[in-house]
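Please work through the exercises below with the sequence and the coordinates at hand. Each task is followed by a stepwise solution.

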Amino acid sequence: MARKTRGAAVLAALCAGVLLTTAACGGSDSSDKSSSGGKTTITWWHNSNNDPGKSYYEKVAADFEKTHPNVDIKISAMQHEDMLTKLDAAFQSGDAPDIYMERGGGELADHVEAGLTKDLSKDAADVISKLGGNVAGWQVDGKTYALPFSMGVVGFWYNKSLFAKAGITGTPKTLDEWFSDIDKLKAAGITPVSVGAGDKWPAAHYWYYTALRQCSQDVLQKAVRSLDFSDQCFVKAGDTLKDIIAKKPFNAGFLSTPAQSGPTSASGLLATGKVAMELAGHWEPGVMQGLTADKKGLGEDTGWFPFPSVDGGAGDPAAQLGGGDAWGVSEKAPAVAVDFVKYLLSDEVQTGFAQNDMGLPTNPAATSAVKDPALAQLLQVRDSSPFIQLYFDTAFGTSIGNAMNDSIALLFAGKASSQDVVDATQKAADQEK
Amino acid sequence: MTPALALMAVFVAWPVFTAVRFSLYKWKGFGPLSNFVGLDNYKLVLQDDAFTSAIVHNLIIVGGSIAVQLPLGLGIALLLNRKMWGQGVLRTIIFVPYVLAEVIAGVVWFQLLQPQYGTVDALLGKVGLHGPEQGFLGTPEYALWTVLAVLTWKYLGLAVILFLAGLQSVPEELYESAQLDGASWWQVQRKITIPLLGPTIRTWCFLSMIGSLQLFDMVWILTGGGPANATTTMATYLVEQGTKSHNYGIAGAASVILFVIAFVMAITYQFFVLRRDTLDDSRKASRKSRKEAVR
């Protein structure tokens with residue numbers, strides 16, 4: 001093999017160098033950004049780059065401009081991964097958009113520490129109280145830095161007709177019931193579960209849930225703050241996950257299966273009726289629709305149930321793992337940007353957001369607008385949950401989160417023990433202290 | 001400063017310098033570079049099993065590529081160098097994979113190698129064989145060898161085309177006189193063709209080695225460095241640490257280590273192997289006359 005490129009090392013360095021140069025140049029032009037010709041310009045980045053979402057947001061911005069004649073909103077609708085890359089670069093150069101998507105958790109804490117994002121606690125107090133517990137993932141030291149506009153929980157998406165074919169009535173409430181359903185599916189010649197362990201995070205979601213079932217809310221919330229994983233419940237989480245893996249419920253080749261890309265990805269296998277279920281978030285119906293020729297995904301066969309309870313665990317069986325997207329306002333943004341974000345969270349805009357199937361609204365006034373029965377059920381579970389744990393990799397931030405996901409993927413491959421997962425996570429966490 | 005030097009400074013020297021600088025800090029990708037940690041990032045990288053095994057994987061690919069592609073490429077080049085029917089078509093077929101974009105080739109092989117639903121497993125099934133349960137790319141024990149096989153398929157064409165070009169410079173008279181002396185085809189290849197092809201082979205080995213050390217895209221597409229870090233290379237490690245985990249300091253340290261390894265190997269190879277090819281004729285001549293003078 002021979003390639004004459006200069007290789008990733010130099011490429012990475014090159015990008016870094018270019019970014020640094022832009023950082024150096026970026027400082028001077030911030031003055032002309034906020035007001036041009038008496039108008040205040042707000043830049044807004046979002047990832048609804050397909051219709052109806054794209055045109056809905058254009059309409060929302062136009063409506064706001066009508067009531068605020070001095071404001072000009074510049075929208076950049078980008079593909080999700082592109083947006084993340086560009087956001088990274090924008091933060092590096094210190095030239096972040098005024099309104100952007102913030103995932104919360106450790107990443108937000110880093111942004112706050114670097115003084116990149118605005119404290120919205122006072123300016124948006126009324127909206128924050130309306131959103132209730134949903135904002136927890138976007139708070140640092142009691143202050144709210146971003147307003148979540150879509151929030152979901154992770155659970156099992158399943159194929160109703162395959163469940164019926166295997167003679168399964170109702171959905172499993174406990175892990176033992178889940179195991180017996182796995183047996184029934186296997187007996188019927190159906191592959192029970194797909195998991196995209198190739199991308200690591202889908203596999204990691206299993207560990208997150210077993211940890212959520214084994215550890216009390218108190219232990220988990222302390223761990224997020226103190227980065228101390230010495231509680232034995234974290235080892236138990238790995239043991240429970242090992243029981244799940246030992247049951248062999250997963251699709252052939254799950255170690256290299258990607259999460260969502262293509263018909264042989266974990267989502268693709270569920271969408272095309274090759275497996276009976278998959279553990280995934282509220283995005284799953286949308287992903288499956290994109291992976292089938294008729295753009296319907298599983299259609300009428302789509303079902304959902306929450307992660308089952310685990311006997312003897314200290315966690316609340318109704319606690320859920322979840323996460324979402326929030327609008328953050330960068331520190332340098334004009335004050336009117338906060339008003340626009342508040343407008344985005346208004347009853348009116350959130351209802352339209354739900355009607356266009358753009359996500360799961362966080363404003364209680366809009367939840368009834370969610371029509372899809374499976375999503376409506378998910379929403380009910382979300383709103384009745386005593387505690388929603390933000391995805392651990394988000395909560396702990398990328399460097400701890402990725403170390404954690406890597407070691408969980410090793411556990412799936414039979415190359416790491418329950419203790420190894422805790423040790424690898426603790427090691428990465430100690431780097432952060 | 002000439003324009004070329006200026007470009008070199010801006011796009012090569014400055015980025016390399018920046019990477020070295022990043023490697024001395026703990027930096028998340030935003031905010032000021034303030035947390036100076038000295039050589040700690042280097043210590044972390046070198047103590048990380050994922051990185052040390054990545055070095056081993058790179059070396060396996062360096063060795064494996066040369067060990068497989070050299071004899072295979074040479075054999076095919078020698079065959080294709082004979083006058084035969086369909087020569088042009090055969091040459092094209094061998095060379096096509098090299099022309100294909102690496103990402104496209106990767107995606108194609110990724111789909112072919114899917115367990116259960118992929119073509120490779122289906123073909124194996126037809127002759128009564130079973131692929132590994134997790135698939136060739138999903139089984140830690142096979143994954144690296146599978147990647148190596150795909151790389152061989154992809155880059156064999158380059159070796160063949162280079163060797164074919166080298167073969168054209170072997171003077172026809174040598175073959176004729178060897179034939180007059182009654183040498184067999186095999187003797188001709190061994191005593192004339194391969195020695196005269198030496199410079200081409202040595203240059204190809206050099207290109208292959210550097211490419212293997214910097215291997216990224218094919219691995220990224222086929223396995224992403226997995227399963228269980230079985231195919232991680234130095235380049236996938238540094239991307240994983242940098243853009244995925246936002247540990248830019250650690251990624252910087254890994255990139256510097258990759259640079260040093262590649263640089264040292266390149267210089268060593270230049271010095272011990274390539275030097276005799278790059279010495280120009282006048283110096284060779286002066287050497288010769290010096291030797292004679294000593295006598």
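The exercises concern a predicted model, and they proceed from the overall form of one chain to single residues and then to the contact between chains.

**Exercise 1. Characterise the overall fold of chain A by its secondary structure, extent and packing.**

Solution.
1. Chain A contains 18 helices and 13 strands.
2. The radius of gyration of chain A is 22 Å, close to the 22 Å that the globule rule gives for 433 residues, so chain A is as compact as a globular protein of that length.
3. The C-alpha trace of chain A spans about 70 × 50 × 45 Å along its principal axes.
4. Of the 433 residues in chain A, 51% are buried.
5. Among the contacts in chain A with a separation of 6 or more, 73% are between residues 24 or more positions apart.

**Exercise 2. Determine how strands β2 and β3 of chain A are paired and which handedness their β-α-β unit has.**

Solution.
1. Strand β2(A) covers residues 39-46 and strand β3(A) covers residues 71-77; 7 bridges join them.
2. The two strands run parallel.
3. As a point of register, A:Thr41 stands opposite A:Asp72 in β3(A).
4. Helix α2(A), residues 53-67, forms a β-α-β unit with β2(A) and β3(A), and this unit is right-handed.

**Exercise 3. Establish the environment and the pairing of strand β11 of chain A.**

Solution.
1. Strand β11(A) comprises residues 302-306, and 4 of its 5 residues are buried, so the strand is largely enclosed by the rest of the structure.
2. Its pairing with strand β8(A), residues 155-159, consists of 5 bridges and is antiparallel.
3. Within this pairing, A:Tyr158 stands opposite A:Gly303.

**Exercise 4. Locate A:Asp119, classify its exposure and list what it touches.**

Solution.
1. A:Asp119 belongs to the loop between α4 (105-113) and α5 (125-131) of chain A.
2. Its C-beta atom has 14 others within 10 Å; A:Asp119 is therefore partly exposed, since that class lies between 12 or fewer for exposed and 20 or more for buried.
3. Leaving aside residues up to four places away in sequence, A:Asp119 touches A:Lys143 and A:Tyr145.
4. A:Val329 is 210 residues away from A:Asp119 along the chain, yet their C-alpha atoms are separated by 8.3 Å.

**Exercise 5. Examine the backbone at A:Leu227, A:Asp357 and B:Pro227.**

Solution.
1. A:Leu227 has phi near 55 degrees, a positive value in a residue other than glycine; the residue sits in the loop between α9 (217-226) and α10 (233-246) of chain A.
2. A:Leu227 has 19 C-beta neighbours inside 10 Å and so counts as partly exposed.
3. For A:Asp357, phi is likewise positive, near 55 degrees, and the residue is placed in the loop between α14 (347-355) and α15 (373-384) of chain A.
4. A:Asp357 counts as partly exposed because it has 17 C-beta neighbours inside 10 Å.
5. In chain B, the peptide bond from B:Gly226 to B:Pro227 is cis, with omega near -15 degrees. B:Pro227 is in the loop between α10 (217-222) and α11 of chain B.

**Exercise 6. Describe the side of chain B that touches chain A.**

Solution.
1. In this contact, 51 residues of chain B meet 34 residues of chain A.
2. The elements of chain B that give two or more residues to this side are α1 (3-22), α7 (140-168), α9 (185-213), α11 (234-244) and α12 (248-278).
3. α1(B) provides the largest share, 7 residues.
4. By residue class, the side of chain B that touches chain A has 26 nonpolar, 21 polar and 4 charged residues.

Terms used. Residues numbered from 1 in each chain as written. Chains lettered and ligands numbered in written order. Predicted model: local features only at pLDDT ≥ 70, side-chain atom pairs only at ≥ 80, totals over all residues. Contact = placed C-beta atoms within 7 Å. Helix = DSSP H or I, 4+ residues; strand = E, 2+ residues; numbered from the N terminus. Nonpolar A, V, L, I, M, F, W, Y, C, P; charged D, E, K, R; others polar. Pairing = 2+ DSSP bridges. Right-handed = clockwise from strand over helix to strand, strands pointing away. Rg over C-alpha atoms; globule rule 2.2 N^0.38 Å.
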